[in-house]
Amino acid sequence: MRARTKIVVTLVAAVVLVWGFTRIGDWDVWAQKGASEPAAPSASASEPIDPAGSSASSQAPSDKPAESPSASPSETPDGTSSFETGSKPVEEPEAVTAMLIQNAPAMTVKKNSDGLAVITNSDSLLVLVNKKRNLSSSYIPEDLVVPDVEFSFSGDSPKKKLRKAAADALEELFNAAKDDGVTLKAVSGYRSYATQKSIFDRNAELKGAEVANRTSAHPGQSEHQTGLAMDVSSASANFELETTFGDTKEGKWLAKHAYEYGFIIRYPKDMQDITGYTYEPWHVRYVGKDVAKAVLDSGSKTLEEFMESYDQQAREASGKAKS
Ligand SMILES: [Zn+2]
């Protein structure tokens, strides 16, 4: 019996002791924590302050440089966040440049078995279509929609359609024009390969192949097949697609503001040697706001010149990727 009570007493004492130690341990941790926050900087400051203090200014700021090394990892998020905000504006143009390199004309075309240069980036918003670069006869954009804008004609027609991004941008463009007292109307957007073929064939039949070549696009060579181009006109130009549209208030507004909404005037004056087409003040092509602005800033008058300026970088990049 006595032995049992001894054991019980020792056990209870042991439990109390262990409990006591753990509490003391807790208090120790609390005490350390509490102390380390306000006290540590000033205590540990004495060590790092010397190197920091000698290089940085001597007064209040010396507390801050001293804190960051002593208070350690918890401070790094501040450092990285300021780095991130600093690097963000640089990142956007880099992404645009990367996109342009990816879509450089030299790297986005392939000869088919008939020797025809066929475009390999048909779905890109930066696709370049011209008399040297053909869209496949089977290419149909998957995201065609009818933009909520005024048209020069009524009723349903595939030519009301544009790819979603271009349609949204056209709505913005037309609304902004309206805010400036300018009424634009959409005349002709998406055109399928088959439609372009029948237009070209009819022209060739009526006027001869030579005239058809000059005045209409070969099937596969029309930018309208991308769903990224819209012909625009106004009442003042009788909704015609004529160069006189460029002299109207509406045509001038369009030339000035199109880039703000991601469009470029695709066939400027006196650039037919490069674009293959004479002046078309009515034909706008969507490339996105960043690129439209970049085209303007670059001083390039044509999409051909602008895109080709990335050919060299694209060749180098693919060379690096291969090696
Ligand atoms: Zn057009």
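Here is a short chat between two coworkers about the predicted model shown above.

Colleague: Hi! Before I get attached to this predicted model, what is its mean pLDDT?

Modeller: The mean is 80, and 71% of the residues reach 70 or more.

Colleague: And where does pLDDT stay under 50?

Modeller: That is residues 7-91, for which the model has 25 contacts beyond four places in sequence. Where pLDDT is low, the predicted coordinates should not be read in detail.

Colleague: Fair enough. How many helices and strands are there?

Modeller: The protein has 13 helices and eight strands. Of its 323 residues, 27% are buried. For contacts between residues at least 6 apart in sequence, 59% join residues at least 24 apart.

Colleague: Let's talk sheets. In what order do the strands of the four-stranded open sheet come?

Modeller: The order is β5-β6-β8-β7, with antiparallel pairing. β5 and β7 are the edge strands, each pairing on one side only. On average, neighbouring strands are turned by 45 degrees against each other, direction ignored.

Colleague: How many bridges does β8 make with β6, and how many with β7?

Modeller: β6 and β8 share three bridges, while β7 and β8 are joined by four. Both pairings are antiparallel. Val284 in β8 is a handy landmark here: Met230 stands opposite Val284, and so does Ile265.

Colleague: Nice. Is β8 mostly covered or mostly open?

Modeller: Mostly covered, as seven of its seven residues are buried.

Colleague: What lies across that sheet, then?

Modeller: α6 does: that helix lies across β5, β6, β7 and β8, and runs at about 130 degrees to β8.

Colleague: Now the nonpolar core. How many residues are in the largest one?

Modeller: There are 45, and those with the most contacts inside it are Leu170, Leu173, Val232, Ala258, Phe263, Ile264 and Val284. Several elements each supply at least two residues of this core, among them α6 (164-179), β8 (280-286) and α11 (289-298). The largest share, seven residues, comes from α6.

Colleague: Phe263 caught my eye. Which residues is Phe263 in contact with, leaving aside its neighbours within four places in sequence?

Modeller: Those are Ala169, Leu173, Ala258, Val284, Arg285, Tyr286 and Ala292. Leu173, Ala258 and Val284 appear again among the core residues with the most contacts.

Colleague: Switching to α9: which of its residues are buried?

Modeller: Glu250, Gly251 and Leu254. Seen down the axis of α9, these buried residues fall within an arc of 100 degrees, so they line one face of the helix. In general, an α-helix has 3.6 residues a turn, so residues three or four places apart point the same way.

Colleague: And what covers the buried residues of α9?

Modeller: The cover includes β6 and β8.

Colleague: Last one, backbone oddities. Which residue in the loop between β6 and α9 has phi near 55 degrees?

Modeller: Asn238 does, a positive value in a residue other than glycine, and Asn238 is found in that loop. Phe239 also has a positive phi, of about 55 degrees, and its place is in the loop between β6 and α9. Most residues other than glycine have a negative phi.

Colleague: Are those two buried or exposed?

Modeller: Asn238 is exposed, because it has 11 other C-beta atoms within 10 Å, and 12 or fewer counts as exposed. Phe239 has 19 within 10 Å, so Phe239 is partly exposed; buried would take 20 or more.

Colleague: Great, thanks!

Technical notes. Residues are numbered from 1 along each chain as its sequence is written. This is a predicted model: local features need pLDDT of at least 70, side-chain atom pairs count only at pLDDT 80 or more; totals for chains, interfaces and linings use all residues. A nonpolar core is a set of buried Ala, Val, Leu, Ile, Met, Phe, Trp, Tyr and Cys residues joined through C-beta atoms within 7 Å. Two residues are in contact if their C-beta atoms, placed from the backbone, lie within 7 Å. The arc is that of the directions from the helix axis to the C-beta atoms. Two strands pair if DSSP finds at least two bridges between them. pLDDT is the predictor's confidence in each residue, from 0 to 100. Axes are lines fitted to C-alpha atoms, for helices over the stretch in contact, and angles run from 0 to 180 degrees between N-to-C directions.
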